[in-house]
2 protein chains.
Amino acid sequence: MLERLSDKWVTLVLTGLASGPRRYSDLSRRIAGVSQKMLTQTLRGLERDGLVRRTVTPSVPVRVDYELTPLGESLMPLVAAIKGWAEANIQTVEAARKTYDAA
Amino acid sequence: MLERLSDKWVTLVLTGLASGPRRYSDLSRRIAGVSQKMLTQTLRGLERDGLVRRTVTPSVPVRVDYELTPLGESLMPLVAAIKGWAEANIQTVEAARKTYDAA
């Protein structure tokens, strides 16, 4: 389950849903570079884990909306904290790697 | 880098070092079920990322201590938060998976 937290597409989809339900096409536009296959796979994984709810409206054409479940919402502070730590420290980690690899 | 956060052995090693420096043998005893290969590999990865410092004391026999760096320490609240969320919610996630798989 927690491997998902470190998956870039998972954090982008969760963050994309943090401000409310979205249609598939809307998510696809908002997440730069995500392939249809990756977005579908990520959404399915999040739905399976109970973090995202998928609602199908039988209009013509069919409308499919995705939203965070309460469980998904409870994860958002963690997603934000991980993102914040990574942004604040990635340069330090990369410098440490360079030093380690050069040793 | 963040894939490490979801690695069980990484969180166990970081947590094992949270209360201060430890010798390899001490860590090996404290972390149930960890193989020598896995512990060595995990420590090297954490050292490479700048999260753990390795100190060699040229006594006889040689003494090797591991400790969190300030960067490693800055990660601990996140490690604890992830662990807390997982423990509080893993049953909900597993139930959601059962429902999804049965659908």
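Here are some worked exercises on a predicted model with chains A and B.

## Exercise 1: Sizing up the interface

**Task.** Work out how many residues each chain puts into the contact, and what area is buried between chain A and chain B.

**Solution.**

1. Start with the head count: chain A brings 27 residues to the contact, and chain B brings 27 residues too.
2. Now the area. Roughly speaking, about 2,500 Å² is buried between chain A and chain B, with carbon and sulfur atoms giving 69% of that.
3. Next, look for the big contributors on chain A. Arg48(A), Trp85(A) and Tyr100(A) supply 29% of the area that chain A buries against chain B, and no other three residues supply more.

## Exercise 2: What chain A offers to chain B

**Task.** Find which helices of chain A each supply at least two residues of the side that touches chain B, and sort the residues of that side into nonpolar, polar and charged.

**Solution.**

1. Begin with the polar links: eight residue pairs are in polar contact between chain A and chain B.
2. Then go to the helices. Both α3 (36-48) and α4 (70-102) of chain A supply at least two residues each of the side that touches chain B.
3. Of the elements on that side, α4(A) gives the most, with 16 residues.
4. Sorting the residues of this side of chain A gives 15 nonpolar, five polar and seven charged.

## Exercise 3: Salt bridges across the interface

**Task.** Say how many salt bridges cross the interface of chain A and chain B, then pick out the partner of Asp101(B) and explain why that pair joins two chains.

**Solution.**

1. The interface of chain A and chain B holds four salt bridges, while the search over all chains turns up 14.
2. One of those that cross pairs Asp49(A) with Arg97(B), at 2.6 Å from N to O.
3. For Asp101(B), the partner is Arg48(A), and their closest N and O atoms are 2.8 Å apart.
4. Asp101(B) belongs to helix α4 (residues 70-102) of chain B, and Arg48(A) belongs to helix α3 of chain A, so the pair joins two chains.
5. How open are the two ends? Asp101(B) is partly exposed at a relative accessible area of 47%, and Arg48(A) is partly exposed at 26%.
6. Arg48(A) is worth a second look: this residue is also one of the three that supply 29% of the area chain A buries against chain B.

## Exercise 4: The sheet of chain B

**Task.** Put the three strands of the chain B sheet in order, and explain why β1(B) and β2(B) each have a side without a neighbour.

**Solution.**

1. The order is β1-β3-β2, in an open sheet with antiparallel pairing.
2. β1 (22-23) and β2 (52-57) of chain B stand at the edges with a single partner strand each, so one side of each has no neighbour in the sheet.
3. Check the β1 pairing: two bridges join β1(B) to β3 (residues 63-68) of chain B, and Arg23(B) has Asp65(B) as its bridge partner.
4. On the other pairing, β2(B) and β3(B) share six bridges, with Arg54(B) opposite Tyr66(B).
5. β2(B) and β3(B) also make a hairpin, with five residues between them.
6. A side-chain link goes with this pairing: Glu67(B) and Arg53(B) form a salt bridge at 3.6 Å, N to O.
7. Glu67(B) sits in β3 and Arg53(B) in β2 of chain B, so this pair ties together parts 14 residues apart in sequence.
8. Glu67(B) is partly exposed at 25% relative accessibility, and Arg53(B) is partly exposed at 38%.

## Exercise 5: Arg22 and Asp26

**Task.** Decide whether Arg22(B) is buried or exposed, and list which residues join Arg22(A) in a salt-bridge network.

**Solution.**

1. Arg22(B) and Asp26(B) meet through their side chains in a salt bridge of 2.9 Å, N to O.
2. With a relative accessible area of 14%, Arg22(B) falls under the 20% cut-off, so Arg22(B) counts as buried.
3. Asp26(B), in helix α2 (residues 24-30) of chain B, is partly exposed at 22%.
4. Over in chain A, the network of salt bridges links Arg22(A) with Asp26(A) and Arg29(A).
5. Arg22(A) has a backbone role as well: in β3(A), its bridge partner is Tyr66(A).

Methods: Residues numbered from 1 in each chain as written. Chains lettered and ligands numbered in written order. Predicted model: local features only at pLDDT ≥ 70, side-chain atom pairs only at ≥ 80, totals over all residues. Heavy atoms only, no water. Contact = heavy atoms within 4.5 Å. Buried area = accessible area lost by both parts, 1.4 Å probe. Polar contact = N/O pair within 3.5 Å; in protein donor to acceptor, adjacent residues only side chain to side chain. Helix = DSSP H or I, 4+ residues; strand = E, 2+ residues; numbered from the N terminus. Nonpolar A, V, L, I, M, F, W, Y, C, P; charged D, E, K, R; others polar. Pairing = 2+ DSSP bridges. Buried < 20%, exposed > 50% of the residue type's maximum accessible area, 1.4 Å probe, protein only.
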